[in-house]
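The following note is written as a set of numbered points, to be read alongside the sequence and the coordinates. Each point takes up one region or feature in turn.

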Amino acid sequence: MKLTRLRSLALAALLSAPALAVQSLAAQTLDPKTLTLFHQPADVWPTYHGDYSGRRFSEITQINQKNIAQLKTKWKYKITGIPPLRGSGPLVIKSTPLMVDGVLYFTIPDHVFAVDARTGKEKWRFDFEDHGGHVLGQRGVGMYGKWIYFLTPDGWFISLDSATGKERWRKKVADEKLQYFTTMAAVIVKNHVIIGIGGDAMDVRGYLESRDPETGELQWQWWAEPLKMGDPGSETWPNQAAMDHGGGMTWLPGTYDPELNLIYWGTGNTNPVFAGQGRKGANLYTDSIVALNPDTGKLAWYFQASPHDTHDWDNVETPVLFDMEIDGKPRKLLAQAARCGYFFVLDRTNGKYLVSKPFTKTANWAKGIDERGQPIPDPGKEPHVDGSMVDIATGGATNWPPPSYSPQTQLFYVNASEGYSVAYLYDTSSDPQGYGGGSSGWFDPASSLIALDVKTGDVKWKHTAKGLGGEGGMSGGILTTGGGLLFTGDSRRLAAFDSANGKILWSEKLDSSMSNGPSTWVLDGKQNVIVGAGDTLYALTLDGK
């Protein structure tokens, strides 16, 4: 392992300017009071989503519809000195930076960066050399007090000192030799660090686990399939072997309701991928939203978005939490725009559905919904040797980039891929393994920003990008603000929309397509908007000051 620390603080400067050095080395400490369900403080971005809800809505109004034309780049931080990553090409920032005490913490695979939020100057960098795993992306860090938590591609869970980047300890949490890999931003809930894993190439079980923030020791582990026949949910599998190899990875951060004391997490696709003939049944709890007790890992309820998934539709997309009055009664709700093309709104106290409706085309892979609101898969649309066309784009109707919900408009926003694809079955045996099929084509393609009415699932407005391919189309995640704005990537530009009607109010060209979820906070009385695009992080303020 190669470790680089305090790159911007040369030893000579430390010796000649001790007062400055002490100030620079002061530990940034996250106040646990900033970890809230809604209404996070304006001067901090303490989690991947900003708060526990996953709404990515900021109440800050300094940048608004009236002055958005004045928004300009204040500084850019470009990653240097790191070659293209193994098998994934150019460097891409997919993480959402945390901002604590004037310091931004963000990642790419194998690397953690601490950057001065006022100037964009690097404070320290932590470099890791993996020995396997996938380097497809890294979504960021978690923070507990003055400690930073980071996951490496090959399954190491590492804690760093936020002031220096010095490693405290590391724990192995996933076996890369079984094709597990770890890319998510850890979620801190009370004295739990919640982490998930990825990997679906070798038909292994998915799991989610909680670790002690001080020692890294395991507190509990929840498996994405029942452990043995006879356990609840095992009736949805044909046998023990199918459960043992069923997949259901947990590779994106979930959300948390402190009052209900439940975490909400999405689980990934079922294994073998595309080939379901050896695992007849719904295959719980893959492709589901699950509600778990964060103290014990015990399952409270589940909702399965893609029963018996045969299209590789991971259901890890953010389960967004919000409250709303419906029929005169206050409700605690959860919404998800799923990769399978359905938009779901659930009662987050019990998982019962209010809305279950396609949000791109018709989701013709399903024959309708059952009494729980779960789609009923159509066997005729499962992958076939000669192909099966579905009206969902290859890769799904949406993917990992975070959506947003604005309590101002009561609309849910998602960047979506629209079109048709053809699913093929390669392995026709009774006991397929691994990727037993695939999907190809993107016919009648469109890349759109879609605003959905959470009470009905109806599309209220839609913006379709003019270009596709290369760096065209919608990109990155979404942020909405109290200034009536929606920020997201559109054809290599950062664009600001009127969140009520989808009108473009402002845009600025970036060096690459936006590649992360945008965030915003106030520092020294100024609202900053932060976005990542390729290997560069941007900070924008009014007039760039």
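1. Strands, as the word is used in this note, are DSSP runs of E of at least two residues, numbered from the N terminus, and two of them count as paired if DSSP finds at least two bridges between them. The model under discussion is a predicted one. With those terms in place, the hairpin of β17 and β18 can be described: six residues lie between its strands, and among the residues of this hairpin G297 takes a positive phi near 80°. The two strands, β17 with residues 288–292 and β18 with residues 299–304, are antiparallel and are joined by five bridges. Within that pairing, L292 has L299 of β18 standing opposite.

2. Two residues other than glycine also deserve a look for their backbone angles. For R56, phi is positive and near 50°; this residue belongs to the loop between α2 (18–25) and β1 (57–58), and its relative accessible area of 0% makes it buried. S491, again not a glycine, has a positive phi of about 50°, and its place is in the loop that runs between β31 (485–490) and β32 (493–498). Is S491 buried or exposed? Neither word applies, because its relative accessible area is 26% and S491 is therefore partly exposed, given that buried means under 20% and exposed over 50%.

3. The loop between β16 and β17 should be inspected for its peptide bonds. N271 and P272 are joined by a cis peptide bond with omega of about -10°, and P272 is found in this loop, which follows β16 (262–266) and precedes β17. A cis peptide bond also joins L284 and Y285, with omega of about 5°, and Y285 likewise has its place in the loop between β16 and β17.

4. Turning to the sheets, one open sheet consists of four strands in the order β3-β4-β5-β6, with antiparallel pairing. Its edge strands are β3 (98–100) and β6 (122–127), each of which pairs on one side only, and the twist from one strand to the next averages 20°. Strand β5, covering residues 111–116, runs antiparallel to β6 and is joined to it by five bridges; V112 has F126 as its bridge partner in β6.

5. A further open sheet of four strands has the order β19-β20-β21-β22, and here too the pairing is antiparallel. Why is one side of β19 and of β22 left without a neighbour in the sheet? These strands, β19 (320–326) and β22 (353–358), stand at the edges, and each has a single partner strand, so one side of each remains without a neighbour. Direction ignored, neighbouring strands of this sheet are turned by 25° against each other on average. Between β19 and β20 (residues 329–337) the antiparallel pairing extends over seven bridges, and M324 stands opposite R331 in β20.

6. The largest nonpolar core holds 85 residues, and the members that touch the most others are Y105, I263, W301, F343, F359, W365 and F412. Apart from this core lies another, of 38 residues, which includes I63, I93, L510 and L523. Once its neighbours within four places in sequence are set aside, Y105 has contacts that include Q28, T96, P97, L98, F113, W124, M143 and S162.

7. As for enclosed space, the structure holds four cavities of 30 Å³ or more, and the largest cavity contains about 120 Å³ of space. Its lining is made by 17 residues, of which T47, Y48, A186, V187 and I188 lie nearest the centre. The elements that give two or more residues to this lining are β7 (142–144) and β11 (187–189).

8. The largest pocket has a volume of about 780 Å³. Of the 31 residues that line this pocket, P401, S417, M474, S475 and G476 are the closest to its centre. The elements that contribute two or more residues to the lining are β27 (411–425), β28 (437–453) and β30 (474–481); β30 gives the most, with five residues.

9. A last point concerns G132, which is found in the loop between β6 and β7. Leaving aside neighbours within four places in sequence, G132 is in contact with R86, P153, D154 and E176. From G132 to G434 the separation is 302 residues in sequence and 19 Å in space, C-alpha to C-alpha.

Methods. Residues numbered from 1 in each chain as written. Predicted model: local features only at pLDDT ≥ 70, side-chain atom pairs only at ≥ 80, totals over all residues. Heavy atoms only, no water. Core = buried A, V, L, I, M, F, W, Y, C linked by side-chain atoms within 4.5 Å. Buried < 20%, exposed > 50% of the residue type's maximum accessible area, 1.4 Å probe, protein only. Contact = heavy atoms within 4.5 Å. Axes fitted to C-alpha atoms, helices over the stretch in contact; angles between N-to-C directions. 1 Å grid on protein atoms, 1.4 Å probe; cavity = no way out; pocket = protein on both sides within 12 Å on 5 of 7 lines; lining within 4 Å. Points joined across faces, edges and corners; volume = space filled by probe spheres on them.
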